[in-house]
Amino acid sequence: MERKKIVIVGGGITGLSAAYYLQKQIRENQLAVDVKLVEATERLGGRIHTIKRDGFTIERGPDSLLARKPEAMNLVQELGLEDEIVYNGTGQSYILVKNKLHKMSKGAFMGVPKEIKPLLASNVFSRKGKLRALWDMVLPKSKETGDQSVGALMRRRFGDELVDYQIDPLLSGIHSGDIDQMSLQATYPMFHRLEQEHGSLIKGLQKTMPKPAKKAKEKKSQGMFFSFENGLETLIDRLEGKLTDGTVRTQTAVDHIEKKEHGYHLLLSNGEVYRADAIIMTAPHNKVPKMLSQYDFLKNLYDIPATSTANVVLAFDQSQIKKDIDGTGFLVSRSEKYRITACTWTHRKWPNTTPEGKALFRCYVGKPDDQDIVNLSDEEITDIVLRDLNKTMKIKARPEFSIITRFKHARPQYHVGHIELVADIRANAASELPGLFLTGSSYDGVGIPDCIGHGRKSAEEVLGFLNK
């Protein structure tokens with residue numbers, strides 16, 4: 001019996017997860033299937049990238065996993081990494097509004113109020129803004145049945161002040177996008193359900209997310225986020241180590257994919273040709289049309305926008321931080337005249353990353369309306385970030401070093417209508433390119449746990465396809 005062949009295009013967390021779950025199923029069920037993973041760059045992991053320098057552990061991409069999402073924790077447990085987990089230190093975050101840092105309200109979920117008292121006690125909002133936010137509890141539910149922007153729902157329920165000062169900085173920061181264009185159904189459909197079922201987001205959150213039971217004071221709760229003692233790339237290294245020898249090919253791009261009578265031929269940048277019975281395509285959506293240039297429907301993938309951002313790491317001697325604050329960092333309201341969108345106090349959030357007597361910051365630039373900043377030189381970006389930090393934290397010293405990582409056109413944006421757009425493209429792919437599976441952060445969810453889930457689901461789908 002001839003062995004079936006699956007090729008995974010892209011070695012980020014989605015592709016690695018797909019390879020891991022595929023080979024797990026192959027071993028457990030003794031399937032006659034071979035798996036190859038092709039990655040264009042010299043390393044695996046995509047945006048997950050940990051480096052060491054001068055005793056610091058530095059994340060050039062994401063710095064943590066959300067503990068409440070099961071896909072990541074389940075994989076971590078399967079890989080035997082529980083003993084290496086570290087949780088974030090302090091849990092207090094701040095928001096920069098009116099040139100001042102304010103504690104982020106504890107009585108909110110994704111910036112949306114869940115408790116009334118913290119909202120009323122906040123010094124971020126005016127009396128008028130607080131009263132307008134509370135209209136959510138009496139306004140009738142919307143008759144909107146189709147997709148709408150997250151901003152449209154939130155502004156209708158709470159008014160502009162709460163949205164601009166609390167909800168937008170958080171959600172826009174997570175997605176590196178604009179909530180007034182962001183698809184509600186593709187990103188936060190639960191908020192639409194809460195409005196429709198409870199007539200109010202506040203009431204809906206109160207009923208569906210009751211207050212947790214009080215814990216004994218001596219028992220310290222774990223943080224919301226976790227990483228690993230040696231950085232987030234520990235997950236990538238362990239996943240790669242679990243793959244069968246010879247599975248991965250790095251520094252090799254897929255130049256062209258051609259559909260044959262049975263399966264596909266993939267022309268690689270080194271001149272080799274891989275034959276595949278099925279393909280899991282995890283490469284960014286804006287790279288796919290070129291690989292399959294003969295299929296016009298795939299050009300619709302260009303209709304999914306992608307923003308650019310940069311991660312700016314700055315290391316200081318602790319003595320230079322005149323206004324150090326006990327917290328994980330701060331978000332910046334888009335109404336502020338700052339070019340940074342957020343700052344993580346890494347030495348506070350992850351104490352294990354920073355040598356004694358030192359401080360480490362990670363700042364982010366690249367607002368949707370400030371994309372050109374990513375194209376500036378390292379020195380120019382560093383100067384911009386330092387000026388913004390000086391306004392808030394009175395940091396006047398130059399850093400001991402800075403590391404800038406750019407992600408150009410790398411943050412997919414789920415605009416209104418995204419779900420329908422993706423469904424249409426996938427329907428055409430199922431008809432014209434059976435056995436080709438489009439998956440990853442471009443389509444169904446951008447977080448690392450989401451991408452792990454995409455990889456696992458794709459593994460199941462491709463094996464189901466081969467078993468037809």
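**Exercise 1. Describe the largest cavity and its lining.**

The largest cavity has a volume of about 80 Å³. The model is predicted: local features need pLDDT of at least 70, side-chain atom pairs count only at pLDDT 80 or more, and totals for chains, interfaces and linings use all residues. Residues are numbered from 1 along each chain as its sequence is written, and side-chain values use heavy atoms, with hydrogens and water left out.

Step 1. Fix the terms. On a 1 Å grid over the protein atoms alone, a cavity is a set of points where a 1.4 Å probe fits but cannot get out. A pocket is an open set with protein on both sides within 12 Å along at least five of seven lines. Lining residues have an atom within 4 Å of a point. Points are joined across faces, edges and corners, and a volume is the space filled by probe spheres set on them.

Step 2. Search the whole structure. Three cavities of 30 Å³ or more turn up.

Step 3. List the lining of the largest one. Among its residues are Thr 57, Glu 59, Asp 63, Val 86, Phe 228 and Trp 350.

Step 4. Sort the lining. It holds three nonpolar, six polar and two charged residues. Here Ala, Val, Leu, Ile, Met, Phe, Trp, Tyr, Cys and Pro count as nonpolar, Asp, Glu, Lys and Arg as charged, and the others, Gly among them, as polar.

Step 5. Find the strands. E4 (56–59) and E11 (225–228) each supply at least two lining residues. Strands (E, at least two residues) and helices (H or I, at least four) are DSSP runs, numbered from the N terminus.

**Exercise 2. Which strands pair with E11, and in what sense?**

Step 1. Set the rule. Two strands pair if DSSP finds at least two bridges between them.

Step 2. Take E5 (residues 65–66). Two bridges join E5 to E11, and the strands run antiparallel. Leu 66 has Phe 225 as its bridge partner.

Step 3. Take E6 (residues 85–87). Three bridges link E6 to E11, again antiparallel. Ile 85 stands opposite Phe 228.

Step 4. Add the rings. Phe 228 forms one aromatic cluster with Tyr 87 and Phe 226. Lys 349 lies over the face of Phe 225, at 5.1 Å from the ring centre. The rule for a charge over a ring: NZ of Lys or CZ of Arg within 6 Å of the ring centre and within 35 degrees of the ring normal.

**Exercise 3. Work through two aromatic pairs.**

Step 1. Count. Rings of Phe, Tyr and Trp (its six-membered ring) pair if their centres lie within 6.5 Å; planes under 30 degrees apart are stacked, over 60 edge-to-face, the rest tilted. The count comes to 11 aromatic pairs.

Step 2. Take Tyr 20 and Tyr 21. They are edge-to-face, 5.1 Å centre to centre, with 70° between the planes. Tyr 20 is buried at 7% relative accessibility, and Tyr 21 is buried at 8%. Buried means under 20% relative accessible area, exposed over 50%, partly exposed in between (1.4 Å probe, protein chains only).

Step 3. Take Phe 437 and Phe 465. This pair is also edge-to-face: 6.1 Å and 75°. Phe 437 lies in strand E22 (residues 436–438) and Phe 465 in helix H15 (residues 448–466), so the pair ties together parts 28 residues apart in sequence.

Step 4. Compare exposure. Phe 437 is buried at 16%; Phe 465 is partly exposed at 21%.
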